[in-house]
Amino acid sequence: MKKTITFAVMHFSVAFTVAYLLTGSLVVGGAVALVEPAINTVAFYFHEMVWKKVESKENVIDAASESSQQLSGDFSNNDVTFAS
C-alpha cells in the first residue's frame, strides 16, 4: 500500500504541474491534479492485484514444469541392469 500512496503523491504533483503549465490556472491545475491521478491511483492498485495473480500463476506453471522435467529425467535413465 505504501507504494500506491507514494505513486499517488508523485502523480498528483506531475498532473498539477502539467495542467498548470498548459492552462496557467491554479483552479484547473488543481482540479486535474485531483481527478485524474485519483482515478489512475485506484486503477494502479487493481492493476497491481491482477499482476500479482498473473505472476503467482506463472510461478505455479514454472514449478509444475520443473517437477515434470525432474520426473521424466528419473525415468529416462539409460543404464539397464539385468538380473541373472
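Visitor: What makes Met1, Ile5, Val9, Val42, Tyr45, Phe46 and Met49 a nonpolar patch on the surface?

Guide: Together these seven side chains, Met1, Ile5, Val9, Val42, Tyr45, Phe46 and Met49, offer about 700 Å² of accessible area. A patch takes residues with over 30% relative accessible area and no salt bridge, nonpolar side chains (Val, Leu, Ile, Met, Phe, Trp, Tyr) being joined within 5 Å and like charges within 9 Å. Areas follow the Shrake-Rupley method with a 1.4 Å probe, and for residues only the protein chains shown count as cover. The model is predicted: local features need pLDDT of at least 70 and side-chain atom pairs 80 or more, while totals for chains, interfaces and linings use all residues. Residues are numbered from 1 along each chain as its sequence is written, and side-chain values use heavy atoms, without hydrogens or water.

Visitor: Which helices supply at least two residues of the nonpolar patch?

Guide: Both H1 (2-23) and H2 (26-75) do so, with the largest share, 4 residues, coming from H2. The protein has 2 helices and 0 strands, these being DSSP runs numbered from the N terminus (helices: H or I, at least four residues; strands: E, at least two).

Visitor: Why does Ile5 count as partly exposed?

Guide: Ile5, found in H1, has 48% relative accessibility. Buried means under 20% and exposed over 50%, with partly exposed in between (1.4 Å probe, protein chains only); Ile5 at 48% is therefore partly exposed. Of the 84 residues in the protein, 13% are buried.

Visitor: How do you know that the end C-alpha atoms of H1 are as far apart as they should be?

Guide: The expected span is 1.5 Å times one less than the number of residues. For the 22 residues of H1 this gives 32 Å, and the end C-alpha atoms are 32 Å apart, so the two agree.

Visitor: Which residues in H1 are buried, and why are they said to line one face?

Guide: The buried residues of H1 are Thr4, Ala8, His11, Ala15 and Ala19. Viewed down the helix axis they fall within an arc of 70°, so they line one face; the arc is that of the directions from the axis to the C-beta atoms. An α-helix has 3.6 residues a turn, so residues three or four places apart point the same way. On the face of H1 turned away from the buried side lie the exposed residues Lys2, Thr6, Val9 and Leu21.

Visitor: What makes Lys3 and Glu48 a salt bridge?

Guide: Their side chains meet at 3.7 Å, N to O. The criterion is a side-chain nitrogen of Lys or Arg within 4 Å of a carboxyl oxygen of Asp or Glu, so the pair qualifies. Lys3 lies in H1 and Glu48 in H2, so the bridge ties together parts 45 residues apart in sequence. The structure holds 1 salt bridge.

Visitor: How many aromatic pairs does a search of the whole structure find?

Guide: The search finds 3. One of them is Phe7 with Phe44, with ring centres 4.5 Å apart and planes at 20°, so the pair is stacked. Rings of Phe, Tyr and Trp (its six-membered ring) pair if their centres lie within 6.5 Å; planes under 30 degrees apart are stacked, over 60 edge-to-face, the rest tilted. Phe7, at 24% relative accessibility, is partly exposed, whereas Phe44, at 19%, is buried.

Visitor: Why is the pair of Tyr45 and Phe46 called edge-to-face?

Guide: The ring centres of Tyr45 and Phe46 are 5.5 Å apart and their planes stand at 75°, so the pair is edge-to-face.
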